[in-house]
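Reader: I have a structure here that I would like to go through with you before I plan anything at the bench. Could you look at it with me?

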Amino acid sequence: MTEVRDLRADDARSIGDLLSRAGFGPTVAGLISFPRESPHGDVLVAERDGRAVGGVCCASFGATGWIGALGVLPEARRRGAGEALTRAASERLHERGAKTVLLYATDMGRPLYERLGFELEGTVTAWRGTAGTTRADLTLRAVREEDRPAMRTIDRAATGEDRAPVLDALQPLSGLVAERGGDASGWAVTSPWGAGVAICAADDRAGVALTAAAARGPGTGTIVVPDANIAASDALAHWGFSPTAAGARMRLGPPVAWRPEMQFGLFNLFWG
């Protein structure tokens, strides 16, 4: 039997090691710090015979919620732990008010989610490289605290979700805003929970300009974009970025008014 419980204070440090061993690599502890520390997040642990064998994270945004970083130790797979974690995470998000549960699936995990009723919505690719330059009829400037309302408005239009819990947790803000005629057309911000920069823009020119400025170097960086965002994918390919990973966006519940063409960089593959 697999039992699923909430993460306890005494094993908060060990969850990063467990998920790293489950295949997420050494940086996973930082990526899951939001659901681990936020009142809008949950971390659940799967146990078998009193031993932790898997874990999963949840991020709750009201009517929507995300499942991410679901991992099971290699020696414990194919015994129901992944299904138990998925069901428990979905139930927790529903308890928090979610009508739609979202996740990014690997090729290995996708058959499980399909069996549980999740539907494919699209695909994403992680690109690695250094951005070039571009021209645009707008101004780029450092993001300011007073930009938060405009950031939330643009993000809500792009995602169809209220991700204020994540955006408000960015303290202090660090990144850029694209302005046209004194109005914000997009933003690019760094966070503790992603491989690269999160970028959201109302149009292609603002999105590509923000990507060029935010990922220009000096070293290589990672940008995760929906494959449906043709402008972003074309710009990254033109600059010589290489695809390094991919995922499938899936949902359980009614569709969300998502506009992938406005997302030029996701926070991560745990909550988009």
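Author: We can take the sheet, the pocket, the cavities, the cysteines and a few backbone details in turn.

Reader: Before that, what kind of model is this?

Author: This is a predicted model, and the values I give below are computed from it.

Reader: Fine. How many strands form the open sheet, and in which order?

Author: The open sheet is formed by 8 strands, and their order is β1-β2-β3-β4-β5-β12-β6-β11, with mixed pairing. At the edges stand β1 (3-6) and β11 (221-226), each of which has a single partner strand, so one side of each is left without a neighbour in the sheet. From one strand to the next, the twist averages 25°.

Reader: In which sense do β3 and β4 pair?

Author: Strand β3, residues 51-61, pairs with strand β4, residues 64-72, in the antiparallel sense, and 7 bridges join them. One detail you can look up in the model is that G55 has G71 of β4 as its bridge partner.

Reader: And what about β4 with β5?

Author: That pairing is in the parallel sense, over 4 bridges, and within it G65 stands opposite V101 in β5.

Reader: Which helices pack on the sheet?

Author: Among them is helix α4 (residues 81-95), which touches β1, β2, β3, β4, β5 and β12, and whose direction makes about 160° with that of β4. Helix α9 (residues 230-238) also packs on the sheet, where it touches β6 and β11, and its direction makes about 150° with that of β11.

Reader: Back to β5 for a moment: is it enclosed or open, and why?

Author: Strand β5 is largely enclosed by the rest of the structure, because 6 of its 6 residues are buried. In a regular strand, side chains alternate between the two faces of the sheet. Both faces of β5 are covered, with T100, L102 and Y104 buried on one side and V101, L103 and A105 buried on the other.

Reader: Let me switch to the pocket. How much space lies in the largest one?

Author: The largest pocket holds about 1200 Å³ of space. It is lined by 43 residues, and F24, L70, T106, M108 and G109 are the closest to its centre.

Reader: Which element gives the most to that lining?

Author: Strand β4 gives the most, with 6 residues. Other elements that each supply at least two residues of the lining include α1 (14-24), α2 (28-31), α5 (110-115) and β12.

Reader: I was also looking at R115. Where is it, and is it buried or exposed?

Author: R115 is found in helix α5, and it counts as exposed because its relative accessible area is 56%, where the cut-off for exposed is over 50%. The C-alpha atoms of R115 and E83 are 9.5 Å apart, although 32 residues separate the two along the chain.

Reader: And closed cavities, how many are there of 30 Å³ or more?

Author: The count is 3 cavities of 30 Å³ or more, and the largest cavity has a volume of about 40 Å³. Its lining includes D155, R163, W187 and C200. Strand β10 (198-201) gives the most to this lining, with 3 residues.

Reader: You mention C200, so is that cysteine buried or exposed?

Author: C200 is buried, with a relative accessible area of 1%. C58 is buried as well, at 2% relative accessibility.

Reader: How many disulfides does the model have, then?

Author: The count comes to 0 disulfides. For C58, the closest cysteine sulfur is that of C57, and it lies 7.4 Å away, which is too far for a bond, because a disulfide needs the two sulfur atoms within 2.5 Å.

Reader: Last topic: which peptide bond is cis?

Author: The peptide bond from Q171 to P172 is cis, with omega near -5°, and P172 has its place in the loop between α7 (164-167) and β8 (175-180).

Reader: And where do we find a positive phi in a residue other than glycine?

Author: One of them is D49, with phi near 55°, which sits in the loop between β2 and β3 and is exposed at 78% relative accessibility. R78 is not a glycine either, and has a positive phi of about 65°. R78 lies in the loop between β4 and α4, and with a relative accessible area of 86% it is exposed.

Methods. Residues numbered from 1 in each chain as written. Predicted model: local features only at pLDDT ≥ 70, side-chain atom pairs only at ≥ 80, totals over all residues. Heavy atoms only, no water. Buried < 20%, exposed > 50% of the residue type's maximum accessible area, 1.4 Å probe, protein only. Pairing = 2+ DSSP bridges. Axes fitted to C-alpha atoms, helices over the stretch in contact; angles between N-to-C directions. Contact = heavy atoms within 4.5 Å. 1 Å grid on protein atoms, 1.4 Å probe; cavity = no way out; pocket = protein on both sides within 12 Å on 5 of 7 lines; lining within 4 Å. Points joined across faces, edges and corners; volume = space filled by probe spheres on them.
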